[in-house]
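Let's take a walk through this model together. Keep the viewer open and follow along.

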Amino acid sequence: MRDWAKARRERTHHLIELGGLVQKAGLVDLTDDDRATLLGAFLDIAGQLRDGRNTASGDLKTRWRRVGLHAFDRDREHDRTTGRRDHD
């Protein structure tokens with residue numbers, strides 16, 4: 001496989017995974033699949049992190065990471081107890 005094709009496939013996979021996170025968080029349903037609202041929310045988050053290069057932005061990332069890790073752990077535990085592999 002050519003390098004450019006491999007890189008494109010990897011990028012596509014990465015973007016699909018990120019979209020899955022948006023779905024997993026419930027943001028698609030909560031925003032009625034309004035992409036302008038989603039983009040605005042993401043830009044607001046990016047602004048908070050970019051403008052707050054102090055302890056507050058570090059605290060936000062730490063808190064968000066902890067919540068995300070707990071959600072992944074719950075999914076893994078659910079998969080283990082039910083034998084499921086999808087999270088629809």
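**Starting at a loop**

Leaving aside neighbours within four places in sequence, Thr-31 is in contact with Thr-37 and Leu-38, where contact means heavy atoms within 4.5 Å. Before going on, a word on the ground rules: this is a predicted model, in which local features need pLDDT of at least 70 and side-chain atom pairs count only at pLDDT 80 or more, while totals for chains, interfaces and linings use all residues. Residues are numbered from 1 along each chain as its sequence is written, and side-chain values use heavy atoms, with hydrogens and water left out.

So where does Thr-31 sit? Look in the loop between α2 (27-30) and α3; helices here are DSSP runs (H or I, at least four residues), strands are E runs of at least two, and both are numbered from the N terminus. Thr-31 counts as buried because its relative accessibility is 17%; the cut-offs are under 20% relative accessible area for buried, over 50% for exposed, and partly exposed in between, using a 1.4 Å probe and protein chains only. Its contact partner Thr-37 belongs to helix α3 and, at 39% relative accessibility, counts as partly exposed.

Stay in that loop for a moment. Asp-32 is found there too, with phi near 55°, a positive value in a residue other than glycine. Asp-33, in the loop between α2 and α3 as well, likewise has a positive phi near 55°. Is Asp-32 buried or exposed? Asp-32 is exposed because its relative accessible area is 69%, whereas Asp-33, with 39%, is partly exposed.

**Into α3**

Next comes Asp-34, which caps the N-terminal end of α3: one of its side-chain oxygens lies 3.0 Å from the backbone nitrogen of Ala-36. That fits the polar contact rule (a pair of N or O atoms within 3.5 Å; within protein, one must be able to donate a hydrogen and the other to accept it, and residues adjacent in sequence count only if both atoms are side-chain atoms). The helix itself has 17 residues and reaches 24 Å from first C-alpha to last, close to the 24 Å expected, the expected span being 1.5 Å times one less than the number of residues.

Gly-40 is found in α3 as well and is partly exposed at 36% relative accessibility. Two separations are handy for scale: the C-alpha atoms of Gly-40 and Asp-75, 35 residues apart along the chain, are separated by 28 Å, and those of Thr-37 and Glu-77, 40 residues apart, by 32 Å.

**Back to α1, then the pocket**

Now for α1, whose 22 residues reach 31 Å from first C-alpha to last, close to the 32 Å expected at 1.5 Å a residue. Just after α1, Gly-26 takes a positive phi of about 85°.

Which residues lie nearest the centre of the largest pocket? They are Leu-21, Val-22, Ala-25, Leu-27 and Trp-64, out of 19 lining residues. Two or more lining residues come from each of α1 (3-24), α3 (35-51) and α4 (55-82), and α4 gives the most, with 7. The lining divides into 14 nonpolar, 3 polar and 2 charged residues; Ala, Val, Leu, Ile, Met, Phe, Trp, Tyr, Cys and Pro count as nonpolar, Asp, Glu, Lys and Arg as charged, and the others, Gly among them, as polar. On a 1 Å grid over the protein atoms alone, a pocket is an open set of points where a 1.4 Å probe fits, with protein on both sides within 12 Å along at least five of seven lines, and lining residues have an atom within 4 Å of a point.
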